[in-house]
Amino acid sequence: MAEKLLEINHAQIYYATLAGYVKAVDNVNFDINEGEIVGLAGESGCGKSTLIKSIYGFIKYPMKAISGEINLLTNGNKLNMLFVEKEELRKVRWKYISYVPQASLHVLNPVTRIKKQFLESVKREHNVKEKEAMDEVKEYLKSLGLPPDVLDSFPHQLSGGMQQRVIIAMATFLKPRIVLADEPTTALDVVVQRGILQMLRDIQKELKNSLIIVSHDMGVHYQITHKIVIMYAGKIAEIGPTDEIFNNPYHPYTRLLINSLPRIGDREQRSGIEGSPPNLLNPPEGCRFNPRCPSKMKICEEKIPEMVEISKGHFVACHLFQKNGKRVKEDAE
Amino acid sequence: MQSSGKLLELKNVSKIFKIGGLILGTELRAVDNVSLSIDSEKPVIVSIVGESGSGKTTLARMILRLIEPSEGQILLNNRDITQLKKADELLEYRKIVQPIFQNPFAAFNNLRRVSSYLYDTAYSICGAKSKEEANKMIAEVLEAVGLSFEKVVGRYPKQFSGGELQRVSVARALMPRPKLLIADEPVSMVDASIRMNIMNLFKTLKDDYNVSCLYITHDLSTAYYVSDFIAIMFRGNIIEYGPSDLVLTQPLHPYTELLMSSIPRVDKKWQEDIKLSGIEVKEYESTGCKFALRCPYTKDICKKSRPKVIKTNDGREVMCFKYEGKKYEEE
């Protein structure tokens, strides 16, 4: 059994607004083991980014951790990232847990050469001489297939894909146990996207750590993840091994999400999911998906569905399934 | 090539941007010698697909008269659009061609009511005489995109979701009953789950309202889903053009092959690895085939001279030395 690196127990992270709390992440539970690539999927506004920011301990007003635990397990120590001291955070970031933000021009400092930015993130941790660190960095970039001359460039001289690869190199240089990647390929085109995903996967294989990847593109999840967490309106709808999720989606939302993807070679009429995600200030009673669900029952408006395990490692929170995993009725088309 | 019966025709259009100073500056051909046409008889959806920096948006901006081409001609109903100067000519142009932009939240001013844009279009382009007439026009187009008049009028952009707002911008573009919509990445800001609703809308517009559409995107799967024809752009050139069924299921050009194999599909996993490069600027300046540096089939000739456009028997055009000579006749 692989070692557990992260456990999330009843995490509740809300945003404070004048009208009340926006329940962006509401009672979320799951674990992440060593060597796993976990995908977080769902529409925008379902809490994926809020969750990943909280895992990184990046909680700033109006975002507020209400209760629960996101425990980072480092060498037998538990560190609850939801309520953590700044000093503690500094010790674990980059070394144990690192963060790759969305590919965008806002990540790298536009007026500083890459070299300096790289060293800033590396030296602070290592207390090594600049020259030595530099050699190490060059070696690392080479091993990732990046030309070392990027170090002398300014960010605007690099293409979006190259910038993103540099950011990934920075985030993984200190061999962190957990790498968080928030929509790492969103603004990039398909060829570059594929290259970047490969790079993330290869690094994960090499370091044998865990990678958590947020994406709204189910194709990305299918290609590289081992396990998928489907989120809807701040709650988990379904968790399971990637192949299982694609072959046997249990939650109607997952099914619609997968079916709304166009496929090449198949011109069949497809439709998106009707309606839009609910306002999380006042989420609907019962199951939060019920206003859009094609298989809605009476109970869905009344009771929040519990997570049930249907097959090994495949959980779903839907009233279509009883506690013992039996299906109540077939999905409506 | 015949010039009659074409709604839109691009003849060897290029756009050159100057980079850097007067003396040391270099030229970048963002769009390089592109020819493309859309028939006026039957409405079609033509996709222009390419990666970022392939020149697809520059091409769209030229057709929309936002920038002028450096070389070549853009003809709309056989009239050069850069020569349109008089107000009534421009009005005529705007009645035929309408844009839809990428980010609906950027296209509408946050402080103006969404409906004010609809009224503007009704009065200034469609020539509505009275408020009742304008209301009627607006209600009609909103219905066409699946929204109701009451739901839209008087509300501000922030009160809509991205998908709804994009529908409003399609409705606005539809009001003058255009023949051609230029849609530049209309769904990239919209969630994957509701993307298909907007794509279906374009199909309906084509079938029920006879509107042709130039759909500019980097997303091959939606392009395949809606379009009749597809043009693959690479570094300013259209390197492959043809019916979308053929181009995307049996690609001819090696770059199209690479694109196809890079789509994160949900039915087949990637087997082998690909290689990325950091040589983009070199590719623009290359005098040979621009893909030669990354192409698996590169020969000497590819690096030296630019391949010609070759027409194939099944109605496709491809720009690659692989197909020169033997199998197909040159243009």
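Here are five short exercises, each with a worked solution, on a predicted model that holds chains A and B.

**Exercise 1. Describe the fold content and overall dimensions of chain A.**

Start with secondary structure: chain A has nine helices and 12 strands. Next, look at its extent. Along the principal axes, the C-alpha atoms of chain A fill a box of roughly 65 × 50 × 45 Å. Now test for compactness. A compact globule of 333 residues would have a radius of gyration near 20 Å, and the 21 Å of chain A agrees with that. Finally, turn to the interior: 45% of the 333 residues of chain A count as buried. Among contacts in chain A with a separation of 6 or more, 63% join residues 24 or more positions apart.

**Exercise 2. Repeat the analysis for chain B.**

Count the elements of chain B and you find 13 helices and 12 strands. Its radius of gyration is 21 Å, close to the 20 Å that the globule rule gives for 331 residues, so chain B is as compact as a globular protein of that length. The box filled by its C-alpha atoms, taken along the principal axes, is roughly 70 × 50 × 45 Å. As for burial, 45% of the 331 residues of chain B qualify. Contacts between residues 24 or more positions apart make up 63% of those in chain B with a separation of 6 or more.

**Exercise 3. Work out what chain A brings to its contact with chain B.**

First, the head count: 37 residues from chain A and 35 residues from chain B take part in the contact. Second, the elements. On the side of chain A that touches chain B, two or more residues each come from α5 (160–172), α6, α7 (218–224) and α9 (252–259) of chain A. Third, rank them: α6(A) gives the largest share of that side, with seven residues. Last, sort by class. The side of chain A that touches chain B divides into 15 nonpolar, 15 polar and seven charged residues.

**Exercise 4. Analyse how helix α6 of chain A packs against helix α11 of chain B.**

Begin with the geometry. Helix α6 (residues 190–207) of chain A and helix α11 (residues 254–262) of chain B have axes that come within 8 Å and cross at roughly 50°. Between 35 and 65 degrees, an angle is neither roughly parallel nor roughly perpendicular, and α6(A) and α11(B) are therefore oblique to each other. The crossing of α6(A) past α11(B) is left-handed.

Then list the partners. From α6(A) come A:Val190, A:Val191, A:Gln193 and A:Arg194, and they meet B:Leu258, B:Leu259 and B:Ser262 of α11(B). By class, this contact has four nonpolar, two polar and one charged residues.

Now ask which residues of α11(B) are buried: they are B:Pro254, B:Tyr255, B:Thr256, B:Leu259 and B:Ser262. To finish, find their cover. It includes α6 of chain A, together with α9 (220–226), β9 (229–234), β10 (237–243) and α10 (244–249) of chain B.

**Exercise 5. Place B:Gln159 in chain B and decide how exposed it is.**

Locate the residue first: B:Gln159 lies in the loop between α6 (149–152) and α7 (162–174) of chain B. Then count neighbours. B:Gln159 has 13 C-beta neighbours inside 10 Å, so it counts as partly exposed; 12 or fewer would make a residue exposed, and 20 or more would make it buried. As a last step, check a distance: the C-alpha atoms of B:Gln159 and B:Ser116 are separated by 15 Å, with their positions 43 residues apart along the chain.

Conventions:
Residues numbered from 1 in each chain as written. Chains lettered and ligands numbered in written order. Predicted model: local features only at pLDDT ≥ 70, side-chain atom pairs only at ≥ 80, totals over all residues. Axes fitted to C-alpha atoms, helices over the stretch in contact; angles between N-to-C directions. Helix = DSSP H or I, 4+ residues; strand = E, 2+ residues; numbered from the N terminus. Parallel < 35°, antiparallel > 145°, perpendicular 65-115°, else oblique. Left-handed = near helix turned anticlockwise from the far one by under 90°. Contact = placed C-beta atoms within 7 Å. Nonpolar A, V, L, I, M, F, W, Y, C, P; charged D, E, K, R; others polar. Rg over C-alpha atoms; globule rule 2.2 N^0.38 Å.
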